[in-house]
Amino acid sequence: MARHLIAAADEEGAERIVTGVLSALSGSDSGSFLDFTYSFAWELVPGSFELVDAGDIIRLREWDIHTDISFGWSFDLSNILPDFCIPRACVKIPFVGKVCTPRVCVDWPTIGFTINLPTIVSEVSIDFSLKVERDVAAGQWVIKGLVNPFTLDIDIVDLADTAKQLFEDKLGAAMRDIPGIGSYLADAISRILGTVLDAIDDLFEFLMTAISDSLGLHPTLSIGFELHRVDEIFEFLAASGAEPAVNVRITALDSQITSDKELVVSADIAVP
Amino acid sequence: MSLTGTHHAFVGLHEDGLNVAVEAFRAARPWLFSYGHPMLGGGAPPAPTTEIDAITMPSVGVSFPYRIDIPKLTIDCYPEQPNSGLPPELQPLHDDEFDIHADVVLTTLCPGKIQDGKVVKDWTPITAALALWLLGSPGAQAVGGTQKRLRLSSRAVEIVDILPAGLEDTLECFMRVVLDQAVLPRLTFVLDKISTDFFSLVLADGPRVSKDQIIALGDVL
């Protein structure tokens, strides 16, 4: 029997939605304490995205978090050393009058330093899925995220990508200015740093994914956490003046990934 | 089979869901399905029957209280449900069409006795049950940019079993013109892209009827 309401997103559409949601996590912060200052900026750089129908898995691989950190210290020497002025000297010159030297004052400078750390690249690979459960007591549908720890890979500092980013920041642009082979050379070095150095990590991820998929470990090992709740009594037209709201009862709610690589959410409704 | 086709997103409302929504409207706002003179239960909400004026006749001092109830209203999207009862005059239901079937009960109070030209006693209720059918289709018209005007159009209306046929045709003509000129033009609204903090969704195809559903396809920006 067909569902009353079906909403679907293909792989590209789902990727754009997930990327949009996760990119909103990018941000920055800064502050100061006494004479010290600091600033953080972090940005999510999407990696690969795949919808897998076996196990209804949303597979993210090598999503990077670029973190830029800078901190500094500054101190005004005038806080500890008194400013002083050279006394003026004046002489009286006949027919000219009184002539004085200019007033010269010494204002001690502010000293300090600022250190910009190289961009730190962290990497996350994760398999997760959505699961919908009914909380009868609360009269709500609970949407949960399931994360498979077997395929979860978090590299706090991804050496390969960090080295690649450092190369791009410090040498890449200069190397690309070399006529002829400059850009090819820069690309080659960047690729070597980004892939070859990451080969062992990639191989490990590949093996974990293959084992998890072949043994169907995702539904068995996954750890669930609550994402959102939807009331069973759903208001689809708000009250307006003397007109009361129009509600329906959501009697079924489901999420799955089809063999066409589409994330499909479906629901059945009834009169409350 | 892919739902989204060449687009990113798909939304489908099945006819069963639409009919549940109709009944949810009836449960919450029953006065949308019942109209009557105060002598026949009409009143201001939350009275279950919307108040309407009586029918007046030229040169007659008496007006006729009446009431219209719609006890049943169902929507059937192409392809037609088996044994739907769609009248032969409207068959076949075309691709991209839906039909609306409404059972209408018309009750009129007939004055049995008129005194002094206006004072009336002994009202006699006369009830007629009619089956109304409407063929319609959803559509969208580009307005500019990402905006589209959503609208409904009607191909035909049918009142079942009114004789003589000429009277039925006359009433149907009247209803069709009222629908085309007064009702449906007001049932439009301009839909722009749907924006959230994370992504935007723009209508790319539809709404249209397909496989017992009204569907729409969109692209994620």
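This passage describes a predicted model, beginning with its confidence scores and moving on to a sheet shared by chains A and B, the helices across that sheet, a pocket and some details of the backbone.

The model scores ipTM 0.85 and pTM 0.78. For chain B, the average pLDDT is 89, and 98% of the residues score at least 70. A general caution still applies to any model of this kind: where pLDDT is low, the predicted coordinates should not be read in detail.

A good place to start is the open sheet of eight strands, which draws on both chains in the order β15(A)-β16(A)-β17(A)-β1(A)-β1(B)-β13(B)-β12(B)-β11(B), with antiparallel pairing. Its edges are formed by β15 (233–237) of chain A and β11 (194–195) of chain B; each has a single partner strand, so one side of each is left without a neighbour in the sheet.

Going along the sheet from the chain A side, β16 (residues 246–257) and β17 (residues 262–270) of chain A pair in the antiparallel sense over eight bridges. Within this pairing, Ile250(A) has Ile269(A) of β17(A) as its bridge partner. The loop between β16 and β17 of chain A holds Lys261(A), a residue that is not a glycine and yet has a positive phi of about 60°.

The two chains meet in the sheet where β1(A) pairs with β1(B), in the antiparallel sense and over five bridges. Here Ala7(A) is found opposite Val11(B) of β1(B). On the chain B side, β1(B) is also paired with β13(B), again in the antiparallel sense, over six bridges. One of the residues involved is His14(B), whose bridge partner in β13(B) is Gln213(B).

Each chain also contributes a helix that lies across strands of both chains. Helix α1 of chain A (residues 11–23) lies across β1 (5–10) of chain A and β13 of chain B, and runs at about 85° to β1(A). Helix α1 of chain B (residues 15–28) lies across β15, β16 and β17 of chain A as well as β1 (9–14) and β13 of chain B, with an angle of about 60° to β1(B).

Attention can now turn to the second largest pocket, which has a volume of about 320 Å³. Its lining comprises 16 residues, and those closest to the centre are Ser2(B), Leu3(B), Phe10(B), Lys211(B) and Gln213(B). Gln213(B) is thus a residue already met as the bridge partner of His14(B). By type, the lining residues are six nonpolar, seven polar and three charged. At least two of them come from each of β12 (200–210) and β13 (213–220) of chain B.

Elsewhere in chain B, the loop between β6 (66–77) and β7 (98–115) is worth a look, with Pro79(B) in it and Pro92(B) found there too. The bond that joins Tyr78(B) and Pro79(B) is a cis peptide bond, with omega about 0°. The peptide bond from Gln91(B) to Pro92(B) is likewise cis, and its omega is near 0°.

Finally, Ala131(B) belongs to strand β8 (residues 119–144) of chain B. Its C-alpha atom is separated by 6.0 Å from that of Ala102(B), although the two residues are 29 residues apart along the chain. Beyond its neighbours within four places in sequence, Ala131(B) is in contact with His101(B), Ala102(B) and Asp103(B), and also with Glu158(B), Ile159(B) and Val160(B).

Methods: Residues numbered from 1 in each chain as written. Chains lettered and ligands numbered in written order. Predicted model: local features only at pLDDT ≥ 70, side-chain atom pairs only at ≥ 80, totals over all residues. Heavy atoms only, no water. 1 Å grid on protein atoms, 1.4 Å probe; cavity = no way out; pocket = protein on both sides within 12 Å on 5 of 7 lines; lining within 4 Å. Points joined across faces, edges and corners; volume = space filled by probe spheres on them. Helix = DSSP H or I, 4+ residues; strand = E, 2+ residues; numbered from the N terminus. Nonpolar A, V, L, I, M, F, W, Y, C, P; charged D, E, K, R; others polar. pLDDT = per-residue confidence, 0-100. Pairing = 2+ DSSP bridges. Contact = heavy atoms within 4.5 Å. Axes fitted to C-alpha atoms, helices over the stretch in contact; angles between N-to-C directions.
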